[in-house]
Amino acid sequence: SLLGVIDLTVTGAGARALAARLAAPMTQPEPIRDRQEALDYLRRDEGLREDVRETLARCPDLARALSRLTLSRGGPRDLAAVRDGLAIGESLAGLLERAEAPLVRDLFDAAFALSGHGVLLDALSGALAADLPFLARDGGFVSSGHDAALDELRTLRDDSRRHMPTTLWLSIMHVRRRFGTSPMMSRRAIKRAHASSSAMVISLS
């Protein structure tokens, strides 16, 4: 097919954009000229073109991640994809600005759209942990130090796990003092004490 022959894109989003442009080509002369100028600029500046392609090749599929997040089906890794996509966008904008590409209208518009997201980028970079789970319910995707209240709850959880053997031993001793050494009575009471202690740990996890 024509698309298979000319598709030299390095991202999923680029492949989808190319297919959409072939399916619905522009018909107005001015936008066509602007696109041709941008393509000609990149054709003549081989160094810039290769730098742009190498940078784009590292970009995650931002559109897919945003789609899942919009539908409330996204997870921590989708937020990381947005973070990484914004960071790569800033890099691309810097490449275009340093090469004076903004003198070309379409490239100027691209550089403008890719930059100016520093606040969101900083927020995501500070909030997300280094090792992210696939699902939000798995927890552990917020970095330590980002939220003081969450850090306090994590400390309580960890402390409760460290002190769990001591707590269980005290529960056993209390049961034996109260019910004596009757095997059946002690066994049942100890199970209840152990279940209560386990429920406390789970609630803090």
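The following exchange explains why certain terms are applied to this predicted model.

Reader: How do you know which features of the model are considered, and what is pLDDT?

Author: This is a predicted model in which residues are numbered from 1 along each chain as its sequence is written, local features need pLDDT of at least 70, and side-chain atom pairs count only at pLDDT 80 or more. Totals for chains, interfaces and linings use all residues, and side-chain values use heavy atoms, with hydrogens and water left out. The pLDDT is the predictor's confidence in each residue, from 0 to 100; the protein chain averages 82, and 77% of the residues score at least 70, whereas residues 200–205 stay under 50.

Reader: What makes up the protein chain in terms of helices and strands?

Author: With helices taken as DSSP runs of H or I of at least four residues and strands as runs of E of at least two, numbered from the N terminus, the protein chain has 11 helices and 0 strands.

Reader: Why are α3 and α4 called roughly perpendicular?

Author: The axes, which are lines fitted to C-alpha atoms over the stretch in contact, give angles from 0 to 180 degrees between N-to-C directions. Angles under 35 degrees count as roughly parallel, over 145 as roughly antiparallel, 65 to 115 as roughly perpendicular and the rest as oblique. Helix α3 (residues 29–44) and helix α4 (residues 46–57) cross at roughly 100°, their axes coming within 5 Å, and α3 and α4 are therefore roughly perpendicular to each other.

Reader: Why, then, are α5 and α6 called oblique?

Author: Helix α5 (residues 62–70) and helix α6 (residues 76–98) pack at an angle of about 140°, with axes 9 Å apart; since that angle falls in none of the named ranges, α5 and α6 are therefore oblique. The contact (heavy atoms within 4.5 Å) involves residues including Leu62 and Leu66 of α5 and Leu79 and Val82 of α6.

Reader: What makes arginine 154 count as buried or exposed?

Author: Buried means under 20% relative accessible area, exposed over 50%, and partly exposed in between, with a 1.4 Å probe and protein chains only. Arginine 154, which lies in helix α9 (residues 148–162), has a relative accessible area of 17% and is therefore buried. Beyond its neighbours within four places in sequence, arginine 154 is in contact with Gly140, Val142, Ser143 and Ser144.

Reader: How many of the residues of the protein chain count as buried?

Author: Of its 205 residues, 23% count as buried.
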